[in-house]
Amino acid sequence: MSSLEGQAYRLLEKYSNGFMVSQVLFAACELGVFDLLAEAAEPLGSAAVAAHLGTSSRATELLLDACVSLKLLQVETRGGKALYENTELSSMYLARASPKSQHNMLLYLGRTTYLCWGHLAQAVREGKNQYLRAFGVPSEELFTAIYRSEGERLKFMRGLQDVWSVHGRSVMAAFDLSPFPVICDLGSCSGALAKECVSQYPGCQVTIFDIPEVVQTAKKHFLFQGEERITFHEGDFFKDPLPEADLYILARVLHDWADDKCSHLLARVCQACKPGGGVLVIESLLDADGRGPLTTLLYSLNMLVQTEGQERTPAQYHALLAAAGCRDVQCRRTGGTYDAILARK
């Protein structure tokens with residue numbers, strides 16, 4: 001095998017084994033490996049980890065060594081015994097006690113998203129999401145499928161809370177929002193961005209707008225004590241009256257929907273918006289040619305298997321906003337996964 005052939009085959013192996021890497025990460029999160037090591041006073045051997053977790057000692061060692069190879073754990077040998085501890089990555093993003101933990105999002109990816117991706121080929125054939133095949137749930141009403149049980153709804157909301165714990169500050173700082181004292185966060189979910197907004201802009205008030213089940217779950221499971229500047233409004237943004245506001249936020253909302261529903265929603269938002277007000281769209285943006293970055297292309301396939309929508313280029317969002325009656329559309333790249341687009345009425 002030539003050097004070029006060897007490189008090509010190694011790349012193929014890397015891609016074909018990618019699902020195994022994901023499952024190592026998901027399993028270690030689900031079993032509580034990173035939480036245990038974060039709480040331990042000192043590095044632990046595989047037998048001690050297995051004893052605490054109630055898992056097979058042999059299988060636990062295999063999992064821990066795979067995590068070491070993936071740089072999720074580090075190991076040192078003392079007296080011939082391997083002792084494991086978290087890396088900086090796992091301490092920051094995988095241990096639940098960390099304020100930037102992605103634990104809940106990884107559980108959602110492992111238990112829900114992964115099952116839908118098992119039907120990707122069929123999704124490409126049909127051009128629609130795969131909730132019926134993955135879970136036996138019809139998806140004519142999209143969020144009835146996504147929120148198909150109280151537990152699934154809470155899992156999704158906690159996962160999104162994790163996402164904004166990392167990206168919330170940068171997207172809310174992409175533009176100066178201080179000229180907008182009254183803000184409505186449409187499809188706010190857990191309210192994480194609303195909290196970030198009042199933290200960065202002391203003069204603003206934010207209304208969390210979402211369907212009744214989500215609002216009730218947010219009140220029950222996510223802390224809002226002392227947040228007098230955050231209020232709740234129950235409704236369906238496709239058909240119910242929208243609260244009056246100076247700025248409407250649509251964060252990870254438009255990517256759920258096809259162009260016709262996006263156009264309908266944006267027309268309603270622009271109609272409700274005060275003159276001089278704004279619409280802030282927060283999404284993972286494709287490059288201008290639509291062929292990158294890879295993360296956003298994968299997210300777009302995820303929209304295929306899980307929603308009715310797709311990720312879009314800045315120009316595509318500009319066209320949707322302009323058609324709805326918005327002007328002065330500006331795009332700001334944050335350097336992270338999510339970017340911001342601000343349009344004015």
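Accessible areas here come from the Shrake-Rupley method with a 1.4 Å probe. The legends below go with close-ups of a predicted model.

**Figure 1. The whole protein, before zooming in.** The protein exposes about 16900 Å², and carbon and sulfur atoms supply 53% of that area. Of its 345 residues, 47% count as buried. A compact globule with 345 residues would have a radius of gyration near 20 Å, and the protein's 22 Å agrees with that. Along the principal axes, the C-alpha atoms fill a box of roughly 70 × 55 × 40 Å. In secondary structure, count 16 helices and 9 strands. If you take the contacts with a separation of 6 or more, 66% of them come from residues 24 or more positions apart.

**Figure 2. Strand E3 and its partner E4.** Strand E3 covers residues 182-186, and 4 of its 5 residues are buried, so the rest of the structure largely encloses it. Next to it in this view is strand E4 (residues 205-210): the two run parallel and are joined by 5 bridges. To get your bearings, look for cysteine 184, which stands opposite threonine 207 in E4.

**Figure 3. Cysteine 189, just along from E3.** Here we're in the loop between E3 and helix H12 (192-200), where cysteine 189 sits. Cysteine 189 isn't a glycine, yet its phi is positive, at about 65°. Its relative accessibility is 3%, so cysteine 189 counts as buried.

**Figure 4. Lysine 71, out in the open.** Lysine 71 is found in the loop between helix H5 (57-69) and strand E1 (73-78). Lysine 71 also has a positive phi of about 65° without being a glycine. As for cover, lysine 71 is exposed, its relative accessible area being 61%.

**Figure 5. The loop leading from E7 to H15.** This loop runs between strand E7 (278-283) and H15, and proline 293 is part of it. Check the peptide bond between glycine 292 and proline 293: that bond is cis, with omega at about -10°. Leucine 286 belongs to the loop between E7 and H15 too. With 7% relative accessibility, under the 20% limit, leucine 286 counts as buried. Once you skip neighbours within four places in sequence, the contacts of leucine 286 include Gly292 and Pro293, the two residues joined by the cis bond. Also among its contacts are Thr296, Leu297, Glu311, Arg312, Thr313, Pro314 and Arg333.

**Figure 6. Tyrosine 299 and a nonpolar patch.** Tyrosine 299 is in helix H15 and is partly exposed, with 30% relative accessible area. Together with Leu294, Leu298 and Leu301, Tyr299 makes a nonpolar surface patch of about 340 Å². For a link back to the previous view, leucine 286 and tyrosine 299 are 13 residues apart in sequence, and their C-alpha atoms lie 9.9 Å apart in space.

**Figure 7. Asparagine 302, a buried residue of H15.** Helix H15 spans residues 294-306, and asparagine 302 is one of them. Asparagine 302 has a relative accessible area of 14%, so it counts as buried. Setting aside residues up to four places away in sequence, asparagine 302 touches Thr113, Trp117 and Thr307. Flip back to tyrosine 299 for a contrast within H15: tyrosine 299 is partly exposed, whereas asparagine 302 is buried.

How values were computed: Residues numbered from 1 in each chain as written. Predicted model: local features only at pLDDT ≥ 70, side-chain atom pairs only at ≥ 80, totals over all residues. Heavy atoms only, no water. Helix = DSSP H or I, 4+ residues; strand = E, 2+ residues; numbered from the N terminus. Buried < 20%, exposed > 50% of the residue type's maximum accessible area, 1.4 Å probe, protein only. Contact = heavy atoms within 4.5 Å. Patch = residues over 30% accessible without salt bridge, like charges linked within 9 Å, V, L, I, M, F, W, Y side chains within 5 Å. Salt bridge = Lys/Arg side-chain N within 4 Å of Asp/Glu carboxyl O. Rg over C-alpha atoms; globule rule 2.2 N^0.38 Å. Pairing = 2+ DSSP bridges.
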